[in-house]
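Biologist: Let us go through this model label by label. I will ask what each label rests on.
Modeller: Here is the structure.

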Amino acid sequence: MMNNFDEIQKLSKDNMELAMETMGSVSKGFQAIAAEVADYQKKSFEEGAAAVEKLVSTKSPDKAFEAQADYMKTTYEGFVGEMTKLGEMFTDLSKDAYKPYESMFGKMTK
């Protein structure tokens, strides 16, 4: 009876350590993602403000359309690049969150 209690206690301790390790990696991952999103928002705002200044300072409609087209192109490319980067960060986050459980699931399948 005492042996079973010790095994249950060890299993509970191991599970708690796995959960804490997972929460730590998830927390770090979300902090990195939040920092990345904040940096992108700041950069996007600055680029938008610069584009408006350039648009206002143009003398002809042709130059205004050209400035707007350039801004839209760079904005779209930046957005696609940022979403790709965030997708990779979320993929890495899920992999890091799963790592502590790999050994446990490996033991269960044997």
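Modeller: This is a predicted model. Start with Ile33: beyond its neighbours within four places in sequence, Ile33 is in contact with Leu86, Met89, Phe90 and Leu93.

Biologist: What makes these contacts of Ile33 count as contacts?
Modeller: Contact means heavy atoms within 4.5 Å. Ile33 meets that limit with Leu86, Met89, Phe90 and Leu93.

Biologist: Which residues make up the largest nonpolar core?
Modeller: Six residues: Val26, Ile33, Leu86, Met89, Leu93 and Ala97. The elements that give two or more residues to this core are α1 and α2. The most comes from α2, with four residues.

Biologist: What makes such a set a nonpolar core?
Modeller: Its members must be buried residues of the listed nonpolar kinds, joined through side-chain atoms within 4.5 Å. Buried means under 20% relative accessible area.

Biologist: Where is Phe30, and why is Phe30 called partly exposed?
Modeller: Phe30 is in helix α1. Its relative accessible area is 44%. Partly exposed lies between under 20% and over 50%, so Phe30 at 44% is partly exposed.

Biologist: Which residues does Phe30 contact, apart from neighbours within four places in sequence?
Modeller: Phe90 and Leu93. Further along the chain, Lys54 is 24 residues from Phe30, and their C-alpha atoms are separated by 36 Å.

Biologist: Why is Glu36 called buried?
Modeller: Glu36 has 15% relative accessibility. Buried means under 20%, so Glu36 counts as buried. Its place is in helix α1, residues 2-57.

Biologist: What does Glu36 touch, not counting residues up to four places away in sequence?
Modeller: Glu82, Lys85, Leu86 and Met89.

Biologist: What makes Lys85 and Glu36 a salt bridge?
Modeller: Their closest N and O atoms are 3.3 Å apart. The limit is 4 Å between a Lys or Arg side-chain nitrogen and an Asp or Glu carboxyl oxygen. The pair passes, at 3.3 Å. Lys85 lies in helix α2 and Glu36 in helix α1, so the pair ties together parts 49 residues apart in sequence.

Biologist: How do you know that the side chains of Glu36 and Lys85 also make a polar contact?
Modeller: The distance is 3.3 Å. A polar contact needs N or O atoms within 3.5 Å. The two side chains satisfy that.

Biologist: Is Lys85 buried, partly exposed or exposed, and why?
Modeller: Lys85 is partly exposed, because its relative accessibility is 38%.

Biologist: How many salt bridges are there in the whole structure?
Modeller: Three. One of them joins Glu17 and Lys13, with closest N and O atoms 3.4 Å apart. Another joins the side chains of Lys99 and Asp96, at 3.8 Å from N to O.

Biologist: What makes the 3.8 Å pair of Lys99 and Asp96 a salt bridge?
Modeller: The cut-off is 4 Å. Lys99 and Asp96, at 3.8 Å, fall within it.

Biologist: What separates Glu17 from Lys13 in helix α1?
Modeller: About one helical turn, because they are four residues apart in helix α1. For Lys99 and Asp96, three residues apart in helix α2, the separation is also about one helical turn.

Biologist: Why are Lys13 and Lys99 called exposed?
Modeller: Exposed means over 50%. Lys13 has 52%, so Lys13 is exposed. Lys99 has 51%, so Lys99 is exposed. Their partners are labelled otherwise: Glu17 is partly exposed at 42%, and Asp96 is partly exposed at 35%.

Biologist: Which residues make the nonpolar surface patch of about 390 Å²?
Modeller: Tyr76, Phe79, Val80 and Met83. Patch members need over 30% relative accessible area and no salt bridge. Tyr76, in helix α2 (residues 61-109), has 57% relative accessibility and therefore counts as exposed.

Biologist: Where is Ala69, and why is Ala69 called partly exposed?
Modeller: Ala69 lies in helix α2. Its relative accessible area is 46%, so the label is partly exposed. Ala69 and Thr91 are 22 residues apart in sequence and 33 Å apart in space, C-alpha to C-alpha.

Biologist: What does the side chain of Ser57 reach?
Modeller: The backbone oxygen of Lys54, at 3.0 Å. Ser57 is in helix α1. The C-alpha atoms of Ser57 and Lys99 are separated by 54 Å, with their positions 42 residues apart along the chain.

Key:
Residues are numbered from 1 along each chain as its sequence is written. This is a predicted model: local features need pLDDT of at least 70, side-chain atom pairs count only at pLDDT 80 or more; totals for chains, interfaces and linings use all residues. Side-chain values use heavy atoms; hydrogens and water are left out. Patches are made of residues with over 30% relative accessible area and no salt bridge: like charges are joined within 9 Å, nonpolar side chains (Val, Leu, Ile, Met, Phe, Trp, Tyr) within 5 Å. Accessible areas come from the Shrake-Rupley method with a 1.4 Å probe; for residues, only the protein chains shown count as cover. Buried means under 20% relative accessible area, exposed over 50%, partly exposed in between (1.4 Å probe, protein chains only). A polar contact is a pair of N or O atoms within 3.5 Å; within protein, one must be able to donate a hydrogen and the other to accept it, and residues adjacent in sequence count only if both atoms are side-chain atoms.
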